[in-house]
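Here are a few short exercises to work through with the structure open beside you. Try each task before reading its solution.

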Amino acid sequence: MNDHCRMTLARISSYLDGELDTPACETIEQHCRDCSSCREVVRGLRESIGLCHQVGTSPLPEPILARARASIRQLLDEK
Amino acid sequence: MRSQVAAYRFSLLVCGHPEDAEDVMQDALLKTYRYVRDIANPEAFRTWLYRTVQTACLMKRRRRAGEPSRFMPLEQRTEMDEATVRTVELADPARAADQKLIDDSTDRRVQRALQALPPAYRMIVVMREMEGLSTREVAEVTGYSEANVKTRLRRARLMLRRHLEAS
């Protein structure tokens with residue numbers, strides 16, 4: 001791992017969140033074209049974030065939701 | 001009701017077990033009833049609720065792990081503390097059906113990778129990536145600065161990737 005790799009990894013999360021300006025993005029993208037290790041990290045991070053988003057957007061099973069609602073209602077009734 | 005269900009979902013993803021998630025949600029709701037009148041800004045309610053659930057999750061986890069029930073604020077916890085908090089597996093047959101439903105509905109690799117993260121990192125991932133809170137909102141919930149949230153999110157993402165790729 002060289003200084004370019006360290007710099008890339010330090011900014012990788014901001015890069016994926018679209019928080020870097022164009023020159024900073026281009027620097028990272030250029031480095032990833034030359035460095036297979038960092039390219040793999042970016043690919044893996046994109047995949048991980050995508051999987052998390054899938055979990056976040058998939059609804060909870062209805063029986064679980066029903067139990068949660070029942071529990072909430074019970075609390076409301078006790079009040 | 002939608003907020004409460006969101007709180008339950010957050011508890012479930014952080015705790016990993018329906019029984020803990022229900023206890024945590026009930027603690028959070030009781031606190032909500034006590035303090036909700038003091039929350040003037042409706043937008044603040046969301047972060048307040050997540051903060052309350054987060055605190056309840058950490059306390060629950062510490063009790064489960066046989067640790068002292070005294071709550072240590074996140075900002076006082078060192079990374080060593082977080083790394084040494086043990087993962088506790090429950091064996092409550094009464095909840096097996098619920099657990100199976102959750103397992104079936106969620107990518108198991110993601111669940112395992114998430115549970116392998118230190119709790120404070122897991123909460124940040126869940127809030128940011130799954131619940132869709134902004135960096136500013138996560139900072140409000142955790143008490144960290146926004147810069148600190150970003151640093152922790154980066155570390156958490158890298159850890160999560162390693163766990164996912166190892167599975």
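The exercises below use a predicted model, and each one comes with a worked solution.

**Exercise 1. Describe how helices α7 and α8 of chain B cross, and list the residues that make the contact.**

Step 1: Find the two helices. In chain B, α7 covers residues 119–130 and α8 covers residues 135–142.

Step 2: Look at the axes. They come within 10 Å and cross at roughly 145 degrees. The crossing of α7(B) and α8(B) is right-handed.

Step 3: Pick out the contact residues. From α7(B) they are B:Ile124, B:Met127 and B:Arg128, and from α8(B) they are B:Thr135, B:Val138, B:Val141 and B:Thr142.

Step 4: Sort this contact by class. You should get four nonpolar, two polar and one charged residues.

**Exercise 2. Find the largest nonpolar core and say which element gives the most to it.**

Step 1: The largest nonpolar core has 40 residues. Those with the most contacts inside it are B:Phe10, B:Leu114, B:Met130 and B:Leu160.

Step 2: See which elements give two or more residues to this core. Chain A is represented by α3 (36–57), and the chain B elements include α1 (2–15), α2 (18–35) and α9 (146–166). The top contributor is α7(B), with eight residues.

Step 3: Zoom in on B:Met130. Leaving aside residues up to four places away in sequence, B:Met130 touches A:Cys52, A:Val55 and A:Gly56 in chain A, and B:Leu13, B:Val110, B:Leu114 and B:Val125 in chain B.

**Exercise 3. Work out which salt bridges A:Asp17 forms with B:Arg128 and B:Arg157, and why each pair joins two chains.**

Step 1: Check the N to O distances. The side chains of A:Asp17 and B:Arg128 meet at 3.7 Å, while the closest N and O atoms of A:Asp17 and B:Arg157 are 2.8 Å apart.

Step 2: Place the partners. A:Asp17 lies in the loop between α1 and α2 of chain A and B:Arg128 in helix α7 of chain B, so this pair joins two chains. B:Arg157 lies in helix α9 of chain B, so its pairing with the loop residue A:Asp17 of chain A joins two chains as well.

Step 3: Compare exposure. A:Asp17 is partly exposed at 27% relative accessibility. B:Arg128 is buried at 17%, and B:Arg157 is buried at 4%.

**Exercise 4. Locate the salt bridge between B:Arg136 and B:Glu140 and describe its setting.**

Step 1: The closest N and O atoms are 2.7 Å apart.

Step 2: B:Arg136 and B:Glu140 are four residues apart in helix α8 of chain B, so about one helical turn separates them.

Step 3: B:Arg136 is partly exposed at 43% relative accessible area, and B:Glu140 is partly exposed at 35%.

Key. Residues are numbered from 1 along each chain as its sequence is written. Chains are lettered from A and ligands numbered from 1 in the order in which they are written. This is a predicted model: local features need pLDDT of at least 70, side-chain atom pairs count only at pLDDT 80 or more; totals for chains, interfaces and linings use all residues. Side-chain values use heavy atoms; hydrogens and water are left out. Axes are lines fitted to C-alpha atoms, for helices over the stretch in contact, and angles run from 0 to 180 degrees between N-to-C directions. A crossing is left-handed if the near helix is turned anticlockwise from the far one by less than a right angle, and right-handed if clockwise. Contact means heavy atoms within 4.5 Å. Ala, Val, Leu, Ile, Met, Phe, Trp, Tyr, Cys and Pro count as nonpolar, Asp, Glu, Lys and Arg as charged, and the others, Gly among them, as polar. A nonpolar core is a set of buried Ala, Val, Leu, Ile, Met, Phe, Trp, Tyr and Cys residues joined through side-chain atoms within 4.5 Å. Buried means under 20% relative accessible area, exposed over 50%, partly exposed in between (1.4 Å probe, protein chains only). A salt bridge is a side-chain nitrogen of Lys or Arg within 4 Å of a carboxyl oxygen of Asp or Glu.
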